[in-house]
Amino acid sequence: MTDAPSHEAFAPTERERHRLFLDDYYGWAEPIYDLTRKPYLLGRDRAIGRILERPFARLAEVGAGTGRNLVRLHAARPDASYVAIEPSAPMRRRLATRCPWARAHDAFAEDVDYRALFGLARPDVILFSYSLSMIQHPGRALRRARASLAPGGEVFVVDFGELHRVPRGLARSFHRWLDAFHVHPVDRGLLATERAKVEEGPLGYYRIARLPPAPTPRPS
Ligand SMILES: C[S@@+](CC[C@H](N)C(=O)[O-])C[C@H]1O[C@@H](n2cnc3c(N)ncnc32)[C@H](O)[C@@H]1O
């Protein structure tokens, strides 16, 4: 997936086209979403386990979908504040009923204002669970998230890997199938540029990445 330079805006027409796709797709997929995704959105509970190894008071999930991950995080850490960023209306409706303790926001990862979501405080953890591969400008989304973290905070990504340990033909067919749903596995080079520490799942099917806050610019 290409990522436009950060000075370019996320054009309103592009954003609205993406929103229409999401609303249409999740309009019919939302009722069966959790059941059908369980067998292939692997590594999510492992990523949640990693997040729970660290302290956090404020957590934002980007592309939170039906709230499946937030339910688990909230059960383990009920005193933290949770925000769900979700541009698809059918998903947001489901989230709102399932996670009444979380604030659901209609926004896109490329231009969301994280600090406004927590009353000007910065989040300690920002989670992208199988959303970065659907986001049109993943580099911009990651840079924005890193720049918005509290000191010592982390961005966590769990998403499809490159399937480098399965026969190439099989991996190619799987990626072609994902492409039909506007899903593009996250580029390893992008994660390296953003200083991610990466843990690979079995067969390279998924990966979990942890990214530090962006360095604060020095006054000139
Ligand atoms: C495959 S679902 C993952 C849902 C959930 N995180 C999970 O692990 O079950 C991807 C989610 O990303 C959202 N999404 C797609 N593009 C986005 C964007 N540009 N900004 C934020 N969320 C986006 C979709 O609406 C969808 O809810």
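## Touring a sheet, its helices and a ligand

Let us begin with helix H4: its buried residues pack against helix H2 (33–37), helix H3 (44–52), strand S1 (58–62), strand S2 (81–85), strand S3 (102–105) and strand S4 (125–129). Which residues of helix H4 (residues 68–76) are these buried ones? They are Arg68, Asn69, Leu70 and Leu73. Keep in mind as you look around that this is a predicted model.

**The sheet**

Several of the strands just named belong to one open sheet. Seven strands form it, in the order S3-S2-S1-S4-S5-S7-S6, and their pairing is mixed. S3 and strand S6 (197–200) stand at the edges; each has a single partner strand, so one side of each is left without a neighbour in the sheet. On average, neighbouring strands here are turned by 15° against each other, direction ignored.

Two of the pairings are worth finding in the viewer. S1 and S2 run parallel and are joined by five bridges. In this pair, Glu61 has Ala84 in S2 as its bridge partner. S2 also pairs with S3, again in the parallel sense, over four bridges. There, Tyr82 stands opposite Ala102 in S3.

Now follow the side chains along S3, where they alternate. Ala102 and Ala104 point to one face and are buried, while Arg103 and His105 point to the other face and are not buried.

**Helices on and around the sheet**

Helix H3 lies across S4, strand S5 (154–160) and strand S7 (206–211), and it runs at about 170° to S5.

Helix H5 is another good stop. The buried residues of H5 are Pro90, Met91, Arg92, Arg94 and Leu95. What covers them includes H1, S2 and S3.

How do H1 and H5 sit relative to each other? Two packed helices are described by the angle between their axes and the distance between the axes. For helix H1 (residues 12–29) and helix H5 (residues 89–98), the axes come within 7 Å and cross at roughly 50°. That crossing makes H1 oblique to H5. The residues that meet are Asp23, Tyr26 and Gly27 in H1 and Ala89, Pro90 and Met91 in H5. By class, the residues of this contact divide into four nonpolar, one polar and one charged.

**Two loop residues with positive phi**

Leu163 and His182 each have a positive phi although neither is a glycine. The table sets out their details.

| Residue | Phi | Loop between | Other C-beta atoms within 10 Å |
|---|---|---|---|
| Leu163 | near 50° | S5 and helix H8 (168–179) | 18 |
| His182 | near 65° | H8 and helix H9 (188–193) | 15 |

Are these two residues buried, exposed or partly exposed? With 20 or more such atoms a residue would be buried, and with 12 or fewer it would be exposed. Leu163, with 18, is therefore partly exposed. His182, with 15, is partly exposed as well.

**Around the ligand**

Our last stop is the ligand. How many residues are around it, and which come nearest? There are 23 residues around the ligand, and the nearest are Gly63, Gly65, Ala109, Ser129 and Ser131. By class, this shell has twelve nonpolar, six polar and five charged residues.

Note on methods
Residues are numbered from 1 along each chain as its sequence is written. This is a predicted model: local features need pLDDT of at least 70, side-chain atom pairs count only at pLDDT 80 or more; totals for chains, interfaces and linings use all residues. A residue is near a molecule or strand if its C-beta atom, placed from the backbone, lies within 6 Å of it. Ala, Val, Leu, Ile, Met, Phe, Trp, Tyr, Cys and Pro count as nonpolar, Asp, Glu, Lys and Arg as charged, and the others, Gly among them, as polar. Helices (H or I, at least four residues) and strands (E, at least two) are DSSP runs, numbered from the N terminus. Two residues are in contact if their C-beta atoms, placed from the backbone, lie within 7 Å. Axes are lines fitted to C-alpha atoms, for helices over the stretch in contact, and angles run from 0 to 180 degrees between N-to-C directions. Angles under 35 degrees count as roughly parallel, over 145 as roughly antiparallel, 65 to 115 as roughly perpendicular and the rest as oblique. Two strands pair if DSSP finds at least two bridges between them.
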